[in-house]
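Here's a quick tour for anyone meeting this structure for the first time. Have a look at it, then read on.

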2 protein chains.
Amino acid sequence: MSKPRRMVILTDGYSDSHTAKTAVCLLRYRPEEVVAVLDRHAAGKTCQEIFVVGGSIPCVAMLAEAGGANTLLIGIAPAGGRIPPHWRPMILEAIARKMTIVSGLHQFLREDPEFSQAAAEHGVQLVDLRDNQERDVANRVGIREGCLRIHTIGNDCSCGKMVTSVEIANGLKRAGVDAAFVATGQTGILVAGSGCPIDRVVSDFVAGAAEKLVLANQHHDVIVVEGQGSLFHPRYSCVTLGLLHGLMPDGLVLCYEMGREAVAGMESVRLPLLEKVVEFYESAANIMHPCRVIGVAVNGQKFSEEVVSAECQEVSRRLGLPACDVIRQGPQKLVEAVVELGSKLGKK
Amino acid sequence: MSKPRRMVILTDGYSDSHTAKTAVCLLRYRPEEVVAVLDRHAAGKTCQEIFVVGGSIPCVAMLAEAGGANTLLIGIAPAGGRIPPHWRPMILEAIARKMTIVSGLHQFLREDPEFSQAAAEHGVQLVDLRDNQERDVANRVGIREGCLRIHTIGNDCSCGKMVTSVEIANGLKRAGVDAAFVATGQTGILVAGSGCPIDRVVSDFVAGAAEKLVLANQHHDVIVVEGQGSLFHPRYSCVTLGLLHGLMPDGLVLCYEMGREAVAGMESVRLPLLEKVVEFYESAANIMHPCRVIGVAVNGQKFSEEVVSAECQEVSRRLGLPACDVIRQGPQKLVEAVVELGSKLGKK
């Protein structure tokens, strides 16, 4: 992607904030690259109205309305990662318009005969963000202990781990710390420009791929590595533990969404108490490296400022940890917790 | 593989019991299918002399000495799973002799240009046991609670989980119980004739693949599912947790090898106390389903019968659990523990 990316984000029919989290994050962190969102049901509205981010960027009903765009981004992340059938004509139209197609889905564009043939005909690039050939096991060699490793974790998937990681890294940078956000998912990779799609890595090599992310970024004083899934998730706990054990973090930031009581998409599975979440993550992390939870990121997107503020105070009291909503209140408390941990460990 | 399999197992230069565990297990559970082991360094000896199993099956220096063989099995499982370079001519010779090549390595035979071209020329089948297209997440739908789910776990990799699973399943069958061994690794798949190479599954789908193993086998009264890796393994804990959470076992059997103090192949990483192993596995399993450790399988292959017997008594006292060496003493104590759990849960 050498030419500046000018994206249309395809979310057609899936513009809720959970399913369209890729779109929401790109609108938040790369709005300058977004020309429009393609969703017939939202056409005529602004992204701000639909996604509560993105300002005046328009929602459109047709590609023809998104002048100057050179890239179509598949902007949803459904469980299992497959392309909705009614999107196929829209993707084919984008290919015919010579747009690069970028996808973070498990179902690769390049393995789709129709898409790959159309792309070849029109000289178009198909970018599968989850494609990887990770084949290295973790080795515990060459890790620079001078780099402070921070990792975001959650009681569930899709609860704000990526956003919290970016906000903490940006907050550290504003405070003059040499910090970097390290991406482990397709959206984070689009935001950061690099990273590893860890949930698409063959399970034997997840810890190895996580270790390689550390080796590639440990020239910074602090790395804030995006978490994936949850140790309490019936589907994705495997990804979460491999990442946790491969990264060997010094400190964890616990993320959760206020009001959520069951696993997203699996309503029969109740979420555990936060105390239990902290305890189990610390047990799991400490198998490999001394580590503790140093703060809590409260995702209060569905509640008023007052209710969120009260929740932060209450959870801070319960867990004995700083807590804030990084979007509503800024990440300052968590940034301070990271700096304090670095001082305590003599890492900075 | 419709014709009866008559195998030569290739272990050349790697005939120690840890690296050649695939060979050892095939010699133990499928000796009728093994014509010879190919290892120049062991040539002239019997498998019994080299591997302590396999009786009079010969070790040979050349394929030509293995009359009647129709299959060459890659008989080692190195970390990272790559083919040793000096094996290439031997594999090409087997292809030229029109033998089926069976491999459990991560490096697929069919993706090797030289092997795939030779196989096409000679009309030979290349079987990659780890190849899979698992793309389903766990759904928690259709699980028959009447089936008792038993799972072997370990404090490390390569400590006897597969052998323990087979021995318990066979012991249950001898006791008249409708039980099945369920394989999750390449060697187990060769022994059982089916299963899932779980460590080669994309991480997002490990729990889903494990759940499918339950769905495919839960018509039995008891399933004994082979564990992989260890929650304490720096490389493979991801695989282990995905399997544990996807299977939702009712009971766990803890396996360990006497005398091992560090992670196999990672000497700087000490193994935890067995008490901690039990505690953490139970915490991890209980996130998804009520479960406890019901017995211990002591792998005493490096020690005398007396020393093993004393260890079993001591570990049984320490953990308050039945303990035995399933090879030295038979699996009876663990079989009884499974039957007792089934009765307690009203599952049989």
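What follows covers confidence, symmetry and one helix pair.

## How sure is the model?

This is a predicted model, where local features need pLDDT of at least 70, side-chain atom pairs count only at pLDDT 80 or more, and totals for chains, interfaces and linings use all residues. Residues are numbered from 1 along each chain as its sequence is written, chains are lettered from A and ligands numbered from 1 in the order in which they are written, and side-chain values use heavy atoms, leaving out hydrogens and water.

Chain A averages a pLDDT (the predictor's confidence in each residue, from 0 to 100) of 95, and 98% of its residues score at least 70. For the complex, the predictor gives an ipTM of 0.96 and a pTM of 0.96.

## How the copies relate

Turn chain B by 180°, with 0.0 Å of shift along the axis, and it superposes on chain A with an RMSD of 0.0 Å (least squares on the C-alpha atoms of residues with pLDDT of at least 70 in both). The two copies are therefore related as by a two-fold rotation axis. Both copies use the same surface: 100% of chain B's contact residues (heavy atoms within 4.5 Å) recur in chain A.

## Where two helices meet

Helix α9 (residues 274-286) of chain A packs against helix α9 (residues 274-286) of chain B at an angle of about 135°, their axes 11 Å apart. Helices here are DSSP runs (H or I, at least four residues), numbered from the N terminus. Axes are lines fitted to C-alpha atoms over the stretch in contact, and angles run from 0 to 180 degrees between N-to-C directions.

So α9(A) and α9(B) are oblique to each other (under 35 degrees is roughly parallel, over 145 roughly antiparallel, 65 to 115 roughly perpendicular, and the rest oblique). On α9(A), F280(A), S283(A) and A284(A) meet F280(B), S283(B) and A284(B) on α9(B).
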